[in-house]
Amino acid sequence: MKNVRLGEIILFLALLAAGIAIARFGSGYQAQTLFQMAMMTLLAIGWNIISGFTGYVSFGQVAFFGLGAYVAAVSILNFDLPWYVAAAIAALGAGALALPLGMIMLRLNGIFFALGMFGLARILQLVANSLEVTGGPMGTTVPVVDSPQLTATVAVLAVAAGVLMSFFLSRSRLGLTLMATRDDAVAAEAAGVNTWKSKVAAFCISGCVAAVAGSLYVWNVGYLDPNSAFAGTVELQTVLMVLAGGIGTVWGPVVGGILISLLSTFLWARFPMEQQIILGVLIMFIAIVAPGGLLGEMVKRGWLKRPPIWGPPPAVTPLSGEGSLASEPGQTVLLTCNKLSVRFGGVRAVEDVDVEVRSGEMLAIIGPNGAGKSSLFNLISAFNRPTTGDVQLLGQSIIGRKRYQLARGGIARTFQTSRLFASLTVWETVLVAASSVCPRRADAVARTAQILDDVGLLQNWSDMPDVLPPGRQRLLEIARALALDPRVLLLDEAMAGMTTQEIARVHEALRAAIDRGVAVVAIEHVLPAIAPLAARVQVLDFGKTIAQGIPYDVLNNPIVIEAYMGAEGVSA
Amino acid sequence: MTTFVTLIILGLLWGGVYLLAAEGLNLIYGVMKVVNLAHGDFIVFGGLLAFSLYELDGISPLLSFPTTAIVLLAIGAAVQFGILERIGLDRGDAELRTLLATFGLSYVIANTSFLLWGSQFQSIPFLQGFVRAGPIAIPQALLVCSLLAFAVAILVHVWLNHTMLGKSVRAVAQSGLGAASCGLDIVRIRVLTFAIGSAMAGSAGALLISLIPFQTASGGELTVQAFTLIALGGLGNYAGAFLAAELLGLVEVMVQYYLGTNAASAVIYIVFISVLIFRPYGLLGRATRV
């Protein structure tokens, strides 16, 4: 791990030194070529933040490039500002505009977002066409007195800053939440991530970076018109660079930026007419053969590994009475559901269900398939809104609260089919939840290590979830929920598919949580899996509570037997 | 008043052409959940091909539009078989990869058109007269092209609903796995679907270039327009697409007349983004449960 880190630093310094050397001592042509390369790489870095780390592929990144170019041009032309002030204004302006735009555009996803951004770029291009200040469709010259050597040096430095920014972003709290959101937004919300805020932040950063590239472009070329500011070929090359290098990696845009720039410069010299066709074919080829790009392929072959975020885990100190809950078990009522109902069209999935759970106890909710158990959980954890009725946590209604607010505020859940983050390790998966409730990084790290140790996953900390056996995957989901330090823990068939050993492990962890005053509500098909822990059992059928009480009584209740076995079961 | 009635008729007629231009995309999306970003470039390619046939031998678009359809049929089949089937449409990252692949494809097609035809705006002069009914005058070309476009769209619709092969296509649209387990060769059906969708784009191009001039760079705008239309109609929903096409035709004609050409070129993007924000499931669509 140390060697990788060192290699990265050497690569960074070597590229930076080479770039500056060429910029300062190379010919005007070389400096100009280098500028193009650096500017495109900067755009690629920006695109990678929204499309790579966040997973929102955009075909309109050029919107912010053009916006930056226009803001810079207007600042230089009208207010006679030096280029660096113009660049700063462009970055700030784009960032400020990206905020409302992001709040609108990020309501879309997939193809809708991608094409929506394309449309946005076209709208801005039309606006630029009607701008008098900048010469409308004909464009305008922007006075430039600086040499290509200077612009190239600045562009190389800007790329260096961009790489550092990506690096720190990818290892920051924001980066962690972005990757979790990209992998599974629903699970990220359940882990306490405000996915909306993270996405909008990424969109703004990405827009700022593109705007800086645009302002440098104006400064370098000294001429600006709508067609070149919002050029499709810029978009094409940006996307191709990131894809070729490795989407969602820190170095991908740089590697791809260098390779594709060299290639397209060569193509431009030899096959100017066919250049875009060849680049287009290359995108298709990469999408088919190696969607992860060069770095993605190297990771797949095990030649490279992303260093763990905030890892490796520190040594776990024996429990020091940590745990924020000081309430006496069995005293406080934590969760109450009053006459909770939900209808989907004509189906009454849950009807007038009352639930009451006290601190330090476990309630098991059982019932045949389709009884409304998971629907009930979805109501409690704000994944669906009840048609009527109320849910209260510590006497306060939680209807209308956001999922991530509930996850941070005391209600944690797992899912019936496990939802893990495909590109995060075991360690990082739990860290997502821990860092959403611990403001200090050291606390989040300590808690993550502690919880992984509790459930017996610490030795797997650097594994990807897909290599874990199913039982351990579920264990990981429970660990992620426990990392939120919940007051109420909702387990949706958490123990299905576990070995006896794993179940014993989960029991141990749950018992510890219950002893600390956590209320556990567990849905199970197989009652023995939780019977040893459950104080009370509530049975649902057709959305209604048909029985409740201590496990032994409930299991011998004829109504319950009938619900499971049909009427003949009772007499038999 | 007469102007207004004329505009409404023009809008409804334009709707037919828009419908044909978008219906291929709708068909492909319905079956494969793939949005072909090169769809607009297919339309342009078909249109410019018809233009060349006209230049060469004075062939009228009435004759050339089946020809362009057949050429695009072949291109579409090759794209599906050579590119999209290689990606594997059932994998988790399929959406991202098909998006990127067709993004690349759109540049390939657009620049191939550029190599063949240059960047000039081209158009076929076709039936320059007017059909008059009292004070209302409708361009003959628009009337003919619109009716033809409706006819082709309806033909495809009938094929989908009333032939065995068409029904197999719909079966694959609803569940590929289910269709495969009934013994359908789903790869063959997907290739056929993409080919027919592309052929519709090709025929739409030939009709469109007889009505308005366009150039090789118009593909992106046409893709957005087609996508807006099917998104407004609810992706994969044919009745919705019809309604959306008529609505879009009316809006475009009205904006063009009352606000001018510049506004008309912006209106499609503004409608597009508003649709995505306010009616992401289309006019008739309903939000699906998560």
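## Helix packing, domains and chain contact in a predicted two-chain model

The buried residues of α13(A) pack against α11 (232-245), α12 (252-270) and α14 (293-300) of chain A, and also against α3 and α4 of chain B. The model described here is predicted, and the predictor assigns the complex an ipTM of 0.87 together with a pTM of 0.89.

### Helix α13 of chain A

Helix α13 of chain A covers residues 275-289, and its end C-alpha atoms lie 21 Å apart, which agrees with the 21 Å that its 15 residues should span at 1.5 Å a residue. Because 11 of those 15 residues are buried, α13(A) is largely enclosed by the rest of the structure. The buried positions are A:Q275, A:Q276, A:I277, A:L279, A:G280, A:L282, A:I283, A:M284, A:I286, A:A287 and A:I288.

### Helix α2 of chain A

Helix α2 of chain A (residues 28-53) has 26 residues, for which a span of 38 Å is expected at 1.5 Å a residue; the end C-alpha atoms are 36 Å apart, in agreement with that value. Within α2(A) there is nevertheless a kink of about 35°, and this kink is centred on A:W47. Since 21 of the 26 residues of α2(A) are buried, this helix too is largely enclosed by the rest of the structure. After α2(A) comes A:G55, which has a positive phi near 85°.

The computed values for these helices are set side by side below.

| Helix | Residues | Expected span | Distance between end C-alpha atoms |
|---|---|---|---|
| α2(A) | 28-53 | 38 Å | 36 Å |
| α13(A) | 275-289 | 21 Å | 21 Å |

### Chain A as a whole

Chain A contains 23 helices and 12 strands, and its C-alpha trace spans about 95 × 50 × 45 Å along the principal axes. Of its 572 residues, 53% count as buried, and among the contacts in chain A with a separation of 6 or more, 74% are made by residues 24 or more positions apart. The mean pLDDT of chain A is 87, with 95% of its residues reaching 70 or more. Over residues 320-327 of chain A, however, pLDDT stays under 50, and for this stretch the model has 9 contacts beyond four places in sequence.

Chain A is divided into domain 1 (34-230) and domain 2 (333-571), and the centres of these domains of chain A, taken over C-alpha atoms, are separated by 43 Å. The contact between them involves 16 residues of domain 1 of chain A and 20 residues of domain 2 of chain A. On the side of domain 1 of chain A that touches domain 2 of chain A, α7 (173-183) and α8 (185-190) of chain A each supply at least two residues, and the largest share, 6 residues, comes from α7(A). By class, that side of domain 1 of chain A has 9 nonpolar, 3 polar and 4 charged residues.

### Positive phi outside glycine

Two residues of chain A that are not glycines have positive phi: A:D80, at about 55°, and A:E493, at about 45°. A:D80 is found in the loop between α3 (62-79) and α4 (83-105) of chain A, whereas A:E493 lies in the loop between β9 (488-492) and α20 (500-515) of chain A. Are these loop residues buried or exposed? A:D80 counts as exposed because it has 9 C-beta neighbours inside 10 Å, while A:E493, with 20 other C-beta atoms within 10 Å, is buried.

### The contact between chains A and B

The contact between the chains takes 33 residues from chain B and 33 residues from chain A. On the side of chain B that touches chain A, at least two residues each are supplied by α3 (61-87), α4 (94-117), α9 (219-233) and α11 (261-278) of chain B, and α4(B) gives the most, with 14 residues. The residues on this side of chain B divide into 22 nonpolar, 6 polar and 5 charged. Both α3 and α4 of chain B also appear among the elements against which the buried residues of α13(A) pack.

Chain B averages a pLDDT of 85, and 96% of its residues score at least 70. In chain B, confidence is highest in helix α2 (residues 39-57) of chain B, at a mean of 91, and lowest in α11(B), at a mean of 78; α11(B) is one of the helices that supply residues to the side of chain B touching chain A.

How values were computed
Residues are numbered from 1 along each chain as its sequence is written. Chains are lettered from A and ligands numbered from 1 in the order in which they are written. This is a predicted model: local features need pLDDT of at least 70, side-chain atom pairs count only at pLDDT 80 or more; totals for chains, interfaces and linings use all residues. Helices (H or I, at least four residues) and strands (E, at least two) are DSSP runs, numbered from the N terminus. The expected span of a helix is 1.5 Å times one less than its number of residues. The bend at a residue is the angle between axes fitted to the seven residues ending there and the seven starting there. A residue is buried if 20 or more other C-beta atoms lie within 10 Å of its own, exposed if 12 or fewer, and partly exposed in between; C-beta atoms are placed from the backbone. Domain bounds come from an automatic or database domain assignment. Two residues are in contact if their C-beta atoms, placed from the backbone, lie within 7 Å. Ala, Val, Leu, Ile, Met, Phe, Trp, Tyr, Cys and Pro count as nonpolar, Asp, Glu, Lys and Arg as charged, and the others, Gly among them, as polar. pLDDT is the predictor's confidence in each residue, from 0 to 100.
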